[in-house]
Amino acid sequence: MTILMETEKQHSLSLPSTQDVLAALRPGQRYSQPMPPGSGDACLIADLARQHKAPILVLCADPLTAQRLAEEILLFGPALRVRQLPDWETLPYDSFSPHQDLISERLRTLHALTMHEVDVLTVPVTTALYRLAPPSFLAAYTFSFRQGDELDEAQLRAQLMLANYTHMTQVSAPGEFSIRGGLIDLFPMGSVLPYRLDLFDNEIESIRSFDIDTQRSLYPVKEIQLLPGREFPMDEEARTQFRARFREFFEGDPSRALPYKDVGNGIAFAGIEYYLPLFFEETATLMDYVPQGSLVITHGDAQN
């Protein structure tokens, strides 16, 4: 079901009844609603999210609108689980990769969708058009640790490297880890804070979050979850598939192409995200992550 919040029509002077809007919706059909004034759009979406039994996907015309709606919807519905899917904020095939914080938030949002932990998702319509890794990729490369688990240091290092985490002397950004004797620092993708695992022999004795700047512990937790370090795999099988598809889709001598050589050597070069489809047999779209029966709202100029 789709709601069109149209800006070309005269703004409605009052908020419509949420019950009237829900009653007018029909599966597979569109319902047009004049844009409410001020923050009325966020108020209406929050009311719909509280009463609608399925998640709501809001397609916005630009990233600023998506961010504004996410913030204002939370003001009207503090209990709602509101997420954003940010854009990479880079140009296609540019020699820059998205900031790790953006990738971290994207992975957190996609994982939350697969776990049915999203009530409202705001996303720029251009971002929604990008091809994504299939949900099976997130499921295969996501793992967790609990207090009391047995942990093998060599196996952990190999598992983190396989998940595209980077070993550092001191963690400072999502996707990094550090191993110093019986202390293991992890900054999981999708997390706002890093965590420190204190080992007693091979057992996780405690897990605590800590501050990046002061390195001081903040509070204990029982379990942490680690999402993949990137939106694509970089193991041997994935790199082999990348090279095979590169030869299939690009003309010329692949051995002279820097992306082909870098991936073969296990190097994630700057801008590799735009080659994401070459890592997978089949890619996905955002709608493959959004649960069936979700309400889609096309906000303002997004439909144009």
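**A pocket between two domains**

The residues that line the largest pocket of this predicted model divide into seven nonpolar, four polar and four charged. The pocket holds about 290 Å³ of space. Of its 15 lining residues, the closest to the centre are Arg108, Met189, Gly190, Ser191 and Gln225. Two elements give two or more residues to this lining: the helix α4, residues 100–114, and the strand β13, residues 223–226. How is such empty space found? Rolling a probe the size of a water molecule over the atoms shows where space is left.

Which domains supply the lining of the largest pocket? Domain 1 (19–135 + 285–299) and domain 2 (143–226) each give at least three residues to it. To place these domains, it helps to look at the whole chain. The protein chain is divided into domain 1, domain 2 and domain 3, the last of these covering residues 236–269. Domain 1 is written as two stretches, 19–135 and 285–299. Between the centres of domain 1 and domain 3, taken over C-alpha atoms, there are 34 Å.

The chain as a whole contains nine helices and 14 strands. Its C-alpha trace spans about 65 × 55 × 30 Å along the principal axes. Of the 304 residues in the protein chain, 49% are buried.

Leu57 is a buried residue that can be looked at in detail. Leu57 sits in strand β3, which runs over residues 56–60. Why does Leu57 count as buried? Its relative accessibility is 1%, and buried means under 20%. Leu57 and Pro291 are 234 residues apart along the chain, yet their C-alpha atoms are separated by 9.9 Å.

A second case is Phe210, which belongs to strand β11. Phe210 has a relative accessible area of 0%, so this residue is buried. The C-alpha atom of Phe210 is separated by 6.9 Å from that of Leu193, a residue 17 positions away along the chain.

Next comes a region named in a record. An unreviewed UniProt entry carries the annotation "domain: UvrB interaction" for residues 144–232. This span is 11% helix and 42% strand. The C-alpha atoms at its two ends lie 19 Å apart.

The helix α7 covers residues 153–162. At its N-terminal end, Asp152 acts as a cap: a side-chain oxygen of Asp152 lies 3.3 Å from the backbone nitrogen of Ala154. Just after α7, Asn164 takes a positive phi of about 75°, although Asn164 is not a glycine. Asn164 is found in the loop that leads from α7 to β7 (166–167).

Asp201 also has a positive phi without being a glycine, with a value near 60°. Its loop lies between β10 (195–200) and β11 (203–210). Are Asn164 and Asp201 buried or exposed? Asn164 is buried because its relative accessible area is 14%, below the 20% cut-off. Asp201 is exposed because its relative accessible area is 67%, and exposed means over 50%.

Conventions: Residues numbered from 1 in each chain as written. Predicted model: local features only at pLDDT ≥ 70, side-chain atom pairs only at ≥ 80, totals over all residues. Heavy atoms only, no water. UniProt positions renumbered as here; feature names shortened; annotations may be inferred. Helix = DSSP H or I, 4+ residues; strand = E, 2+ residues; numbered from the N terminus. 1 Å grid on protein atoms, 1.4 Å probe; cavity = no way out; pocket = protein on both sides within 12 Å on 5 of 7 lines; lining within 4 Å. Points joined across faces, edges and corners; volume = space filled by probe spheres on them. Nonpolar A, V, L, I, M, F, W, Y, C, P; charged D, E, K, R; others polar. Domains from an automatic or database assignment. Buried < 20%, exposed > 50% of the residue type's maximum accessible area, 1.4 Å probe, protein only. Polar contact = N/O pair within 3.5 Å; in protein donor to acceptor, adjacent residues only side chain to side chain.
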